[in-house]
Amino acid sequence: MPAKTALVTGASSGIGEATALKLHELGYTVYGAARRTDRLQKLADRGIRPLAMDVTDDDSMRAGIEKITAETGRIDVLVNNAGYGSYGALEDVPLDEARYQFEVNVFGAIRLTQLVLPRMRAQRSGTVLNVTSMGGKIYTPLGGWYHGTKFALEALSDCLRLEAKPFGVNVVVIEPGGIATEWGAIAADKLEKSSADGAYAAQAAAVASSLRSEANTNRNSPPSVIADAIGKAVTARRPKTRYATGFGARPLIALRRILPDRTFDTVISRAVGMPR
Ligand SMILES: NC(=O)c1ccc[n+]([C@@H]2O[C@H](COP(=O)([O-])OP(=O)(O)OC[C@H]3O[C@@H](n4cnc5c(N)ncnc54)[C@H](OP(=O)(O)O)[C@@H]3O)[C@@H](O)[C@H]2O)c1
């Protein structure tokens, strides 16, 4: 039997890079997709096939899936990991930026899923893994648009799990906590761009500093923690519907579940150092 095939988006950095390596180690033929193909060279040197793909560009997604199926004849695993955090006060973030974040984090993932499902249904097997976040279950100040994308991807994944089950296709949600990648610095830069001046400046300074200090301490988990969870999910006979792992994920999701809204508001505002 030929090796199974996996596609990992956002493979040029962080979680995606670690996941591509993990799936390769597990024996998959792995395609690592990203816009910055120069950043895929390290993976290519290890036997992972680089793919230029922008998840906001339908043609590039179609071409990528066509290339994979032409070369390997199958797609067994899709890891929808590409994403970023565009932080900023809800009032400040320009709607074009908010829409773009939904394009990348939500529509890109679902469009790719639409493109792989016919093949997976024909095979009567496959796994779609959507990387959401603990931020798909909890909320933080000035993270509204980001959480909106991740809550949306959680709901879409749950519905898809029901729809895909009769065809033998699994749908798995991966909920990382704090992971040491480029994500935090990007989110802080976006936050400052939207809200460093104006009514939310003091809140923005606090949240940006919290995002940067998380990124700069050893507190966050390494991306390999998420890659291991994905490895576990794809090799399980019956994968769990959700894997929450990495710094803070399980305790924060549990707190959100048990605490009343206003108590959680206080806890999370203090955690990110919001001015009182
Ligand atoms: N780090 C955390 O603490 C954390 C926590 C929870 C969830 N997550 C989620 O985990 C996922 C991976 O993030 P990370 O932490 O590994 O961040 P990262 O190091 O910044 O990596 C993000 C990846 O997404 C890709 N990407 C961004 N926009 C894209 C686009 N339009 N088309 C294609 N690829 C695009 C980037 O590749 P190119 O720029 O080369 O295209 C990059 O490879 C994201 O969905 C993020 O929201 C991260």
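**Exercise 1. Work out how β5 and β6 pair in this predicted model, and what packs against them.**

Solution. Start with the two strands. In this predicted model, β5 covers residues 126–131 and β6 covers residues 169–176, and the two pair in the parallel sense over 6 bridges.

Next, pin down the register. Valine 128 has valine 171 in β6 as its bridge partner, and leucine 129 stands opposite valine 172 of β6.

Now look at the neighbours. Helix α5 (residues 144–164) lies across β5, β6 and β7, and runs at about 160° to β6. Helix α8 (residues 224–235) also packs on the sheet, where it touches β4 (77–80), β5, β6 and β7. The direction of α8 makes about 160° with that of β7.

Finally, check the burial of β6. This strand is mostly covered, with 7 of its 8 residues buried.

**Exercise 2. Give the strand order of the sheet and name its edge strands.**

Solution. Read across the sheet, strand by strand. The order is β3-β2-β1-β4-β5-β6-β7, which makes 7 strands in an open sheet with parallel pairing.

Then go to the two ends. β3 (49–52) and β7 (242–245) are the edge strands, as each of them pairs on one side only.

Last, the twist: from one strand to the next it averages 15°.

**Exercise 3. Decide whether β2 is enclosed or open to the outside, and find its register with β1.**

Solution. Take the two faces of the strand in turn. Thr29, Tyr31 and Ala33 point one way from β2, while Val30, Gly32 and Ala34 point the other way, and all are buried.

Count them up. For β2 (residues 29–34), 6 of the 6 residues are buried, so the strand is largely enclosed by the rest of the structure.

Now the partner. β1 (residues 5–9) runs parallel to β2 and is joined to it by 5 bridges. To fix the register, note that alanine 6 has valine 30 as its bridge partner in β2.

**Exercise 4. Describe how α3 packs against α4, then zoom in on threonine 69.**

Solution. Two packed helices are described by the angle between their axes and the distance between the axes. So get those two numbers: the axes of α3 (residues 58–72) and α4 (residues 95–123) come within 10 Å and cross at roughly 30°. That angle is under the 35 degrees cut-off, so α3 is roughly parallel to α4. As for handedness, α3 passes α4 in a right-handed crossing.

Who is touching whom? On the α3 side you have Asp58, Met61, Arg62, Ile65 and Thr69; they meet Gly108, Arg111, Leu112, Leu115, Val116 and Arg119 in α4. Sorted by class, this contact has 5 nonpolar, 2 polar and 4 charged residues.

Now the zoom. Threonine 69 sits in helix α3. Its relative accessible area is 18%, and the cut-off for buried is under 20%, so threonine 69 counts as buried. Leaving aside residues up to four places away in sequence, threonine 69 touches Arg74, Ile75 and Arg119.

**Exercise 5. Do the same for α1 with α8, and then for α9 with α10.**

Solution. First pair: α1 (residues 14–25) and α8 pack at an angle of about 45°, and their axes are 8 Å apart. The two helices are therefore oblique to each other. The crossing of α1 past α8 is right-handed. From α1, the contact uses Ile15, Ala18, Thr19, Lys22 and Leu23; from α8 it uses Ser224, Ile226, Ala227, Asp228, Ile230, Gly231 and Val234. That gives 7 nonpolar, 3 polar and 2 charged residues by class.

Second pair: the axes of α9 (residues 249–258) and α10 (residues 261–271) come within 8 Å and cross at roughly 145°. Here Leu252, Leu255 and Arg256 in α9 meet Asp261, Phe264, Val267 and Ile268 in α10. By class, the contact of α9 with α10 has 5 nonpolar, no polar and 2 charged residues.

**Exercise 6. Check the phi values of arginine 124 and leucine 142, and place both residues in the fold.**

Solution. Begin with the background: most residues other than glycine have a negative phi.

Arginine 124 is not a glycine, yet its phi is positive at about 60°. You'll find arginine 124 in the loop between α4 and β5.

Leucine 142 also has a positive phi, near 70°, and belongs to the loop between β5 and α5. With a relative accessible area of 9%, leucine 142 is buried.

Technical notes. Residues numbered from 1 in each chain as written. Predicted model: local features only at pLDDT ≥ 70, side-chain atom pairs only at ≥ 80, totals over all residues. Heavy atoms only, no water. Axes fitted to C-alpha atoms, helices over the stretch in contact; angles between N-to-C directions. Helix = DSSP H or I, 4+ residues; strand = E, 2+ residues; numbered from the N terminus. Parallel < 35°, antiparallel > 145°, perpendicular 65-115°, else oblique. Left-handed = near helix turned anticlockwise from the far one by under 90°. Contact = heavy atoms within 4.5 Å. Nonpolar A, V, L, I, M, F, W, Y, C, P; charged D, E, K, R; others polar. Pairing = 2+ DSSP bridges. Buried < 20%, exposed > 50% of the residue type's maximum accessible area, 1.4 Å probe, protein only.
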